[in-house]
Amino acid sequence: MSGHELEPWFKHLDQAIPHSIVGSMKDPTAKQSMVEFKYEFAVHTTHPSVRELLENIIWSNRMSEDPAPLYPSAPQQAEWFVEAWRISDLLDNLAGFLGLNTSYTVFIPVSYTHLTLPTKRIV
């Protein structure tokens, strides 16, 4: 996906939101202010082997049951699940390699090989 396709997803982000500071014992009055955020939108395309590695980790750690449903007897939200901690190290290292480890980073992996999860692994 290109930056042109993805940017509308992020245009709604607020640049300033209300913020409260709770008072202390010495000064019990709460203070109201605005917290301003600066963000930069950029799309980084990685080498296909990075996507393949991520897909392999997802594939090998997939589960058919949600380990944390919204509530008991909740309907299944997806066909397959992967616990986030299973891929977080890879994404943390990727953010560091790209120089993005000092900010909030959103990863949107786009799969080309496992658009539908086959019953037999394709390599």
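Q: Helices (H or I, at least four residues) and strands (E, at least two) are DSSP runs, numbered from the N terminus. With that in hand, in what order do the elements of this protein run?

A: Starting at the N terminus, the order is α-β-β-α-α. That makes three helices and two strands. Please keep in mind that you are looking at a predicted model.

Q: How would I check the length of a helix, say helix 2, and what span should its residues give?

A: You multiply 1.5 Å by one less than the number of residues. For the 13 residues of helix 2 the expected span is therefore 18 Å, and the C-alpha atoms at its ends are indeed 18 Å apart, so the two agree.

Q: Which residues of helix 2 are buried, and what helps to cover them?

A: A residue counts as buried when its relative accessible area is under 20%. In helix 2 this applies to Leu54, Glu55, Ile57 and Trp59. Helix 3 is included in what covers these buried residues. Across the protein, 12% of the 123 residues count as buried.

Q: What should I look for next, and which residues make up the largest nonpolar core?

A: In soluble globular proteins, nonpolar side chains tend to be buried together. Here the largest such core has five members: Leu54, Ile57, Ile87, Leu90 and Leu91. Helix 2 (48–60) and helix 3 (85–97) each contribute at least two residues to this core. The largest share, three residues, belongs to helix 3.

Q: If I centre my viewer on Ile57, which residues is it in contact with beyond its sequence neighbours?

A: Once neighbours within four places in sequence are set aside, Ile57 contacts Arg86, Ile87 and Leu90. Two of these names, Ile87 and Leu90, also appear in the core.

Q: Let's turn to charges. How many salt bridges are there?

A: Side chains of opposite charge can pair when their charged atoms come close. The cut-off used for the nitrogen and the carboxyl oxygen is 4 Å, and the count comes to two salt bridges. One joins Arg51 to Glu55, with the closest N and O atoms 3.6 Å apart. These partners sit four residues apart in helix 2, so about one helical turn separates them.

Q: Are the partners in that bridge buried or exposed?

A: Arg51 counts as partly exposed because its relative accessibility is 23%, whereas Glu55 is buried at 10%.

Q: And which residues form the other bridge?

A: Arg86 pairs with Glu83, and their closest N and O atoms are 3.5 Å apart. Arg86 is partly exposed at 33% relative accessibility, and Glu83 is partly exposed too, with a relative accessible area of 24%. You have met Arg86 already, among the contacts of Ile57.

Q: Could we look at a strand residue as well? Where does Met34 lie, and what does it touch?

A: Met34 lies in strand 2, which covers residues 31–36. Its relative accessible area is 51%, so Met34 is classed as exposed. Leaving out residues up to four places away in sequence, Met34 touches Ala16, Ile17 and Pro18. Ser20 is 14 residues from Met34 in sequence, and their C-alpha atoms are 8.3 Å apart in space.

Q: To finish with the whole chain, what share of the contacts joins residues 24 or more positions apart?

A: Among contacts with a separation of 6 or more, 49% are of that kind. As for the outside, the accessible surface comes to about 10400 Å², with 58% belonging to carbon and sulfur atoms.

Technical notes: Residues numbered from 1 in each chain as written. Predicted model: local features only at pLDDT ≥ 70, side-chain atom pairs only at ≥ 80, totals over all residues. Heavy atoms only, no water. Core = buried A, V, L, I, M, F, W, Y, C linked by side-chain atoms within 4.5 Å. Buried < 20%, exposed > 50% of the residue type's maximum accessible area, 1.4 Å probe, protein only. Contact = heavy atoms within 4.5 Å. Salt bridge = Lys/Arg side-chain N within 4 Å of Asp/Glu carboxyl O. Areas by Shrake-Rupley, 256 points an atom, 1.4 Å probe, with all protein chains shown as cover.
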